[in-house]
Amino acid sequence: RRRCAGALRGPGWGAGAGAVARVMAAQAAAVGIQALLFDLDNTLVDTAGAGSRALLRVEDLLRSQYGYEESTAKLVIEKFNTKLQMENLDCIPGVNVDEERILLFEAALQETDSLDPDQGLAAKCYFLWKATRLQHMHIPDEVKAMLRSLRQSYKLLLLTNGSATVQREKIGACQCQQYFDSIVIGGEHQEQKPALSIFQKCFQLLGVKADGCMMIGDNLDTDIKGGVNAGLGATVWINNSNLKCDEGAVPNYTVKSVLEVMDILGKERV
């Protein structure tokens, strides 16, 4: 394993001819790009951060209103979060996401307490978590400004995996529609990223060939590997955790912030 090639840092990352040459090379490689495909979660929106805030609210509920010890409340949260990360509702037609996630909380409560929880507690936990997470989901102002600026020169498409119901709720909370020419949600199609078919759907909607598109996302397995396999002109990996990547999914560019896309495209930051 090695660090992904094509790293590009923001302004102030270096000085001299070498730094200038590196930025110019990055910009040259982006020539011919006509459309930008953006991932949503943890690319444009801090979904992980919103989720963490929501879990803290549930922990506080368990401690303040239901008498849970701190360690027990934390264990409930940990178990729910683990189950949430493992769920796969996308392939179950007609599934009620709210009902399924209430069951996750119910299981987490029972496994922790070894007693039946208060009637309705799982539902209270879930709906508090859901409402708090959506409340904290937003596109930062500087990212909104970037999207508005980029849309003057490129076609923009939002490509996100996940349950149609869940992702539509997030999109509504973030008011994403106004920034994109098209929105494609994996749960509304037969296959999701990294499948070739969903990328082909994007090309069709945009009226742009694969090599005229750039994929920007935080997930190597879905965003980057999918983009590479679909023959996109370029891929940009948002890696703010200094992760390493596999040889099979090497992006053209690795950046710490989605705002650095402006540097790659040779655009002045707004």
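Below are some exercises on this predicted model, each with a worked solution.

**Exercise 1. Getting oriented**

Task: Find how many helices and strands the protein chain has, and what share of its residues is buried.

Solution:
- Start with the secondary structure: the protein chain holds 10 helices and 6 strands.
- Next, look at burial. Of the 270 residues in the protein chain, 46% are buried.
- Finally, turn to contacts with a separation of 6 or more: 67% of them join residues 24 or more positions apart.

**Exercise 2. The order of the sheet**

Task: Work out in which order the strands of the sheet lie, and which strands stand at the edges.

Solution:
- Walk across the sheet from one side. You meet the 6 strands in the order β3-β2-β1-β4-β5-β6, and their pairing is parallel.
- The sheet is open. Its edges are β3 and β6 (253–255); each has a single partner strand, so one side of each lacks a neighbour in the sheet.
- From one strand to the next, the twist averages 20°.
- As a reminder of what holds such an arrangement together, strands of a sheet pair through backbone hydrogen bonds, either parallel or antiparallel.

**Exercise 3. Strand β1 and its neighbours**

Task: Describe how β1 pairs with β2 and with β4, and decide whether the faces of β1 are covered or open.

Solution:
- Take β2 to begin with. It pairs with β1 in the parallel sense over 4 bridges, and A35 stands opposite K155 in β2.
- Now take β4 (residues 213–217), which also pairs with β1 in the parallel sense over 4 bridges. Here A35 stands opposite C213, while F38 stands opposite I216.
- For the faces, keep one principle in mind: in a regular strand the side chains alternate between the two faces of the sheet.
- Sort the residues of β1 by side. A35 and L37 are on one side, L36 and F38 are on the other, and all of them are buried, so both faces are covered.

**Exercise 4. Helices on the sheet**

Task: Find which strands α7 and α9 touch, and what angles their directions make with β3 and β5.

Solution:
- Helix α7 packs on the sheet and touches β2 (155–160) and β3; the direction of α7 makes about 145° with that of β3.
- Helix α9 (residues 220–229) packs on the sheet too, touching β4 and β5 (234–238), and its direction makes about 165° with that of β5.

**Exercise 5. A pair of helices**

Task: Characterise the packing of α3 against α4: what are the angle, the handedness and the make-up of the contact?

Solution:
- Locate the helices. α3 spans residues 70–86 and α4 spans residues 97–113; their axes are 8 Å apart and the packing angle is about 140°.
- Classify the angle. Angles over 145 degrees count as roughly antiparallel, and with about 140° α3 is therefore oblique to α4.
- Add the handedness: this crossing is right-handed.
- List the residues. α3 contributes T72, L75, V76, K79, F80, K83 and L84, and α4 contributes R101, L104, F105, A107, A108, L109, E111, T112 and D113.
- Sort them by type: 9 are nonpolar, 2 are polar and 5 are charged.

**Exercise 6. A residue of β2 and its surroundings**

Task: Decide whether T160 is buried or exposed, and find which residues it touches.

Solution:
- T160 belongs to strand β2.
- Its relative accessible area is 0%; since buried means under 20%, T160 is buried.
- Leaving out residues up to four places away in sequence, T160 touches D39, L40, D41, Q167, V184, I185, G186 and K193.

**Exercise 7. Unusual backbone geometry**

Task: Look for what stands out in the backbone at N42, Q175 and P194.

Solution:
- N42 is not a glycine, but its phi is positive, near 65°. This residue lies in the loop between β1 (35–38) and α2 (47–66), and N42 is partly exposed, with a relative accessible area of 31%.
- Q175 is not a glycine either, and its phi is positive at about 55°. Q175 sits in the loop between α7 (164–174) and β3 and is partly exposed, at 49% relative accessible area.
- At P194, check omega: the peptide bond from K193 to P194 is cis, with omega near 15°. P194 is in the loop between β3 (182–185) and α8 (196–206).

Notes
Residues are numbered from 1 along each chain as its sequence is written. This is a predicted model: local features need pLDDT of at least 70, side-chain atom pairs count only at pLDDT 80 or more; totals for chains, interfaces and linings use all residues. Side-chain values use heavy atoms; hydrogens and water are left out. Axes are lines fitted to C-alpha atoms, for helices over the stretch in contact, and angles run from 0 to 180 degrees between N-to-C directions. Helices (H or I, at least four residues) and strands (E, at least two) are DSSP runs, numbered from the N terminus. Angles under 35 degrees count as roughly parallel, over 145 as roughly antiparallel, 65 to 115 as roughly perpendicular and the rest as oblique. A crossing is left-handed if the near helix is turned anticlockwise from the far one by less than a right angle, and right-handed if clockwise. Contact means heavy atoms within 4.5 Å. Ala, Val, Leu, Ile, Met, Phe, Trp, Tyr, Cys and Pro count as nonpolar, Asp, Glu, Lys and Arg as charged, and the others, Gly among them, as polar. Buried means under 20% relative accessible area, exposed over 50%, partly exposed in between (1.4 Å probe, protein chains only). Two strands pair if DSSP finds at least two bridges between them.
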